[in-house]
Amino acid sequence: MTTLPGDHPLHATTGDSRLIRAYRGERPEVTPVWFMRQAGRSLPEYRELRTGHDMLDSCLDPALSSEITLQPVRRHGVDAAIFFSDIMVPLLLAGVDVRIEPGVGPVIGSPIATPEDVDRLVATDPAMLDDALEPVREGVRRTVAGLAGIGDGTTPLIGFAGAPFTLAAYLVAGRPSKDHLAARTMLRSHPVAWARLTDWCADVTGRFVRAQVDAGASAAQLFDSWAGSLPLDAYVQHVAPASSRALDHVRDLTASDGRRLPLIHFGVGAMELYGAMQLGVDAMGVDWRTPLDVAHARMGSDVTVQGNLDPALLGAPWETIATAADEVLRQGASARAHVFNLGHGVPPETDPTVLTRIVEHVHAA
Ligand code: CP3
């Protein structure tokens, strides 16, 4: 670790890694690959460690969070670690009554239903998170130290956060929903309260990802998993400003080579939004529905694409998976650079040996 201009510490050896080079627009000799939700229930070693530990408690236990983050790097030889945590962690630390129900997802004790509820929520100053985030920083420090001992020691850690819309979608609906109608209704009916809510979410989630970067993460990804439920005009007017504000917490940080920390933005079903979602990031995550070359045509040329093998293929015969992976690589060639990934998270029932084989296949292509 070195301390850099602006007091931004960065794991010094990762700037030459394939992943960081690809995010910055180079085409390394081998396409880098990692998987969203690579840490998790597909791994027996994860299920063993998590036994008896609540999900959100595990995220705040530095020994557990770092070990779980390292598991898929050791097993699969992926080109990145992604910090084991959850988008809901900063809300929990800000005092929101939230738990993660296994097989369901985030559940909120008292959903935000009215502008008065918003007023009560935003009365909590996001700055109070800076102390509460210490277990996250410690988990990241331990992870970065652990990564130095795996492979050639240059695997970067990606920090992440949920985007304000996705967080607000859970806060308002109170639990996972298909169409996020409750949040979209608040956005249309109470635009002023909505703006206060999403600005607050931006500062809470922005502090969460900043803590990971300060402790040693080499890139940062914003997950707007549910942005695809919005039409373009609503996204531009009522969501993009808050997402940009969240990214501002980690924007223009200087890395050890004097260049900018890479930022990635991901949305599900966000085909219509790709142009508007760029918000100055270095790479755009694409879900499984849109071929990478089609998605890329909707973006500026100065962006790397990340994705997008359909997670539903992971149970198919190997030849089917290999053919689909080759097609993803072919489509990814249209962009300035490509980071191979799935189009969404690893399903829990995935055979992990298939993931290892995909890594080998992409590296050999
Ligand atoms: O490996 C990684 O990708 C890093 C860890 C990570 C988790 N959640 C761990 C987790 C990341 C990046 C997330 C982000 C997250 N969490 C998102 C955005 C990404 C996406 O998938 O769209 C969202 C929407 C959430 C909210 C959330 N948390 C859901 C929908 C669930 C699944 C609920 C279930 O049981 O199916 C969670 C829980 C969660 N987060 C698990 C993991 C490994 C499963 C918990 C368990 O093992 O019981």
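Which residues does Val89 touch, not counting residues up to four places away in sequence? I began my notes on this predicted model with that query, and found that Val89 touches Leu56, Cys59, Val136 and Phe208.

**Entry 1: Val89**

I placed Val89 in helix 5, which covers residues 89-93. I then looked up its surroundings and noted 26 other C-beta atoms within 10 Å, so Val89 counts as buried, the cut-off for that class being 20 or more. I also checked Asp57, which is 32 residues from Val89 along the chain, and the C-alpha atoms of the two residues are separated by 9.3 Å.

**Entry 2: the sheet**

I traced an open sheet of seven strands, whose order is 3-6-7-8-9-10-11 and whose pairing is parallel. Strand 3 (81-82) and strand 11 stand at its edges, and because each has a single partner strand, one side of each is left without a neighbour in the sheet.

I then turned to strand 10, which spans residues 304-309, and asked how many of its residues are buried. I found that six of the six are, so strand 10 is largely enclosed by the rest of the structure.

On one side I followed the pairing of strand 10 with strand 9 (residues 283-285), where the two strands run parallel and are joined by three bridges. Within this pairing Met284 stands opposite Val305, and I noted that the chain gets from strand 9 to strand 10 by way of helix 15 (residues 292-297), in a β-α-β crossover that is right-handed. Gly285 has Gln306 as its bridge partner in strand 10.

I next followed strand 10 to strand 11 (residues 338-342), and recorded five bridges between them, again in the parallel sense. Here Gln306 has Val339 of strand 11 as its bridge partner, and the connection runs through helix 16 (residues 318-332) as a right-handed β-α-β crossover. Gln306 therefore appears twice in my notes, as the partner of Gly285 and as the partner of Val339, which I wrote down as a convenient reference point for reading the sheet from strand 9 to strand 11.**Entry 3: backbone geometry**

I looked for unusual backbone values, bearing in mind that most residues other than glycine have a negative phi, and most peptide bonds are trans. In strand 10, where Asn308 has its place, I found a cis peptide bond joining Gly307 and Asn308, with omega about -15°.

I also noted two residues with positive phi. Arg37 is a residue other than glycine whose phi is near 60°, and I located Arg37 in the loop between helix 1 (18-23) and helix 2 (44-50). With 18 other C-beta atoms within 10 Å, Arg37 is partly exposed. His180, likewise not a glycine, has a positive phi of about 55°.

**Entry 4: the loop between helix 9 and helix 10**

His180 took me to the loop between helix 9 and helix 10, where I also found Asp179. Are these two residues buried or exposed? Asp179 is exposed, with 11 other C-beta atoms within 10 Å, whereas His180 counts as buried, with 22 C-beta neighbours inside 10 Å. I then looked up Ser229, which is 50 residues from Asp179 in sequence and 6.2 Å from it in space, C-alpha to C-alpha.

I went on into helix 10 (residues 181-189), where the buried residues are Ala182, Ala183, Arg184, Met186 and Leu187. Asking what covers them, I found that the cover includes helix 9 (164-173), helix 11 (191-214) and helix 12 (232-238).

**Entry 5: the ligand shell**

Which residues come nearest to the ligand? Of the 23 residues around the ligand, I listed Ala39, Gly40, Gly105, Phe223 and Ser225 as the nearest. I sorted the shell by residue class and recorded eleven nonpolar, eight polar and four charged residues. I also checked which strands contribute, and noted that strand 5 (105-108) and strand 6 (157-162) each supply at least two residues of the shell.

**Entry 6: the annotated spans**

Finally I consulted the UniProt record, an unreviewed entry, whose annotation "domain: Uroporphyrinogen decarboxylase (URO-D)" covers residues 32-41 and 158-174. I compared these spans with the model: residues 32-41 are 0% helix and 0% strand, and their end C-alpha atoms lie 23 Å apart. Residues 158-174 are 59% helix and 29% strand, with the end C-alpha atoms 28 Å apart.

Note on methods:
Residues are numbered from 1 along each chain as its sequence is written. This is a predicted model: local features need pLDDT of at least 70, side-chain atom pairs count only at pLDDT 80 or more; totals for chains, interfaces and linings use all residues. UniProt positions are given in the numbering used here, feature names are shortened, and annotations may be inferred rather than shown by experiment. Helices (H or I, at least four residues) and strands (E, at least two) are DSSP runs, numbered from the N terminus. A residue is near a molecule or strand if its C-beta atom, placed from the backbone, lies within 6 Å of it. Ala, Val, Leu, Ile, Met, Phe, Trp, Tyr, Cys and Pro count as nonpolar, Asp, Glu, Lys and Arg as charged, and the others, Gly among them, as polar. A residue is buried if 20 or more other C-beta atoms lie within 10 Å of its own, exposed if 12 or fewer, and partly exposed in between; C-beta atoms are placed from the backbone. Two residues are in contact if their C-beta atoms, placed from the backbone, lie within 7 Å. Two strands pair if DSSP finds at least two bridges between them. A crossover is right-handed if, with the strands pointing away from the viewer, the path from the first strand over the helix to the second runs clockwise.
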